[in-house]
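Hi everyone, thanks for squeezing me in. I'll put the structure up and then walk through it.

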Amino acid sequence: KKFSHVIVRRPCRAMVEGITSAPELGKPDYELAMREHDDYISALSRCDVDITILPADERYPDSCFVEDPALITKACAIITNPGAKTRNGEKNEIIGAVREFFPADKIEYIHDPGTLEGGDVMMAGDHFYVGRSARTNEEGIKQLTEILAKYGMTCSEVKLEEVLHLKTGVNYLEDNNMLVSGEFVNKEGFEKYNKYEIPENEAYAANCIWVNGTVIVPEGYPTVLETVKSLGYKVLVVDTSEYRKLDGGLSCLSLRF
Ligand code: CIR
């Protein structure tokens, strides 16, 4: 077992105004999004973790994507500095929850002009891959690298060309297994992993999450489901259709530590 805690935030009604690169998918249905969020929480509750459920925050349409305003490691918590203007204030709202688990001297901050969103950070043991994206800049990566070094952890940059966040297209499932789609299939730096290539029509499902030996997979992606099962993981399936409309996946909806 590796993770003992999970933090989630309930979606707000304003989520229908969340940021999206795919308006053609339509606006999310809030009621359905709530039911999917219930299912997400119940899947997590089967993974042997304590769950902190934060209340909806109507001021921030994208605030259910709680992965972005913080990065939590075993040794420290880092409050990020989201590059999306409408999301930046979310960092102030996650601090309270983080303080429940970390003393002030173990809470670090990314400062202007550095920007960073947690969706760009992928943990693989003591090493962290960080995507340089429209949301995470060079200065943010530099600050993150320095913070992690203080705690004996390392960090390397991955330049993103197509996806919003690093974990939109690549996810580490532990046991040296990695799901890769699109630009990550041939990107340098991931050679040492067992990479499982996801077909383009299921690319959204590259964003699965490993939680203590169970992998949660989004509903409706049969190739990914079979791949993950064939690796021997316990599998739980959760529908994330309404979050997909906002470019959000399974990892975005929780902080796991
Ligand atoms: C955004 O554009 O910020 C949200 N609509 C989606 C955030 C997804 N989060 C993630 O990949 N970690």
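So, how much area does the protein chain expose, and what share of it do carbon and sulfur atoms supply? The protein chain exposes about 11000 Å², with 49% of that coming from carbon and sulfur atoms; areas are Shrake-Rupley with a 1.4 Å probe, and for residues only the protein chains shown count as cover.

Quick caveat: this is a predicted model, where local features need pLDDT of at least 70 and side-chain atom pairs count only at pLDDT 80 or more, while totals for chains, interfaces and linings use all residues. Numbering runs from 1 along each chain as its sequence is written, and side-chain values use heavy atoms, with hydrogens and water left out.

Overall, we've got six helices and 15 strands, both being DSSP runs numbered from the N terminus (helices H or I, at least four residues; strands E, at least two). The C-alpha trace spans about 45 × 45 × 35 Å along its principal axes. Of the 257 residues, 57% are buried, meaning under 20% relative accessible area (1.4 Å probe, protein chains only).

Now look at Arg 87, in the loop between β4 (77–79) and α2 (90–99). Is Arg 87 buried or exposed? Buried, with a relative accessible area of 4%. Its side chain makes a polar contact with the side chain of Glu 90 at 2.9 Å; that's a pair of N or O atoms within 3.5 Å, one able to donate a hydrogen and the other to accept it within protein, and residues adjacent in sequence count only if both atoms are side-chain atoms. Leaving out residues up to four places away in sequence, Arg 87 also touches several others, including Asp 62, Asp 68, Glu 117 and Arg 135, with contact meaning heavy atoms within 4.5 Å.

Notes:
Buried < 20%, exposed > 50% of the residue type's maximum accessible area, 1.4 Å probe, protein only.
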